[in-house]
Amino acid sequence: ETKAPKDRLKLALESGLAVTALDALFWFGSQRIAADIATLRKRGMRIATAETDVSDNLTATTRRVPMYRLVAAG
């Protein structure tokens, strides 16, 4: 089992998952996903940034947030 949030994030990206900051906070315990992504990029991972819409049912609002995904080799 991988313990460090950055390692769990790396594993999720390598598994083909797209990850937002909220995903990283809830599932990996990472409060600084942008810093973790920057570190992984420096280590050679090709990670693309896109945007996705997320909605908040409590306030009935929708906003765009960054989403990170591993770029397929090729």
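Modeller: Let's start with a definition: contact means heavy atoms within 4.5 Å. By that rule, and leaving out residues up to four places away in sequence, Thr 20 touches Ile 33, Thr 52, Val 65, Pro 66 and Met 67.

Biologist: Happy to begin there! What should I know about the model and its numbering?

Modeller: This is a predicted model, in which local features need pLDDT of at least 70 and side-chain atom pairs count only at pLDDT 80 or more, while totals for chains, interfaces and linings use all residues. Residues are numbered from 1 along each chain as its sequence is written, and side-chain values use heavy atoms, with hydrogens and water left out.

Biologist: How do you know what counts as a helix or a strand in the pattern α-β-α-α-β-β?

Modeller: Both are DSSP runs numbered from the N terminus: a helix is H or I over at least four residues, and a strand is E over at least two. Counted this way, the protein chain has 3 helices and 3 strands. Strand β1 covers residues 19–20, so this run satisfies the strand rule of at least two residues.

Biologist: What makes Thr 20, which sits in β1, a buried residue?

Modeller: Buried means under 20% relative accessible area, exposed means over 50%, and partly exposed lies in between, using a 1.4 Å probe and protein chains only. Thr 20 has 9%, so it is buried. Across the protein chain, buried residues make up 23% of the 74 residues.

Biologist: Why do you say that β1 pairs with β3?

Modeller: Two strands pair if DSSP finds at least two bridges between them. There are 2 bridges between β1 and β3 (residues 61–70), so the requirement of at least two is met. In these bridges Thr 20 stands opposite Met 67, and Val 19 has Tyr 68 as its partner.

Biologist: And what makes β2 a partner of β3?

Modeller: That pairing has 10 bridges and is antiparallel; against the rule of at least two, it therefore counts as a pair. Thr 52 is partnered by Val 65 of β3, and Ala 50 stands opposite Met 67. As for what holds such strands together, strands of a sheet pair through backbone hydrogen bonds, either parallel or antiparallel.

Biologist: What is the strand order in the sheet, and why are β1 and β2 called edge strands?

Modeller: The open sheet runs β1-β3-β2, with antiparallel pairing. The strands β1 and β2 (47–56) each pair on one side only, and that makes them the edges.

Biologist: What makes Ala 60 stand out in the turn of the hairpin?

Modeller: The hairpin of β2 and β3 has 4 residues between the strands. Ala 60 has a positive phi of about 55° although it is not a glycine. For background, most residues other than glycine have a negative phi. Ala 60 is also exposed, because its relative accessible area is 70%.

Biologist: Now to the loop between α2 (21–28) and α3 (33–42). Why do Ser 30 and Gly 29 get separate labels?

Modeller: Ser 30 has a relative accessible area of 3%, so it is buried. Gly 29, also in the loop between α2 and α3, comes to 44%, so it is partly exposed.

Biologist: How do you know that Ser 30 makes a polar contact with Asp 36?

Modeller: A polar contact is a pair of N or O atoms within 3.5 Å; within protein, one must be able to donate a hydrogen and the other to accept it, and residues adjacent in sequence count only if both atoms are side-chain atoms. The side chains of Ser 30 and Asp 36 come to 2.7 Å, so the distance fits the limit of 3.5 Å.

Biologist: Which residues do Ser 30 and Gly 29 touch, apart from those within four places in sequence?

Modeller: For Ser 30 they are Pro 5, Ala 24, Leu 25 and Asp 36. For Gly 29 they are Pro 5, Arg 8 and Ala 24.
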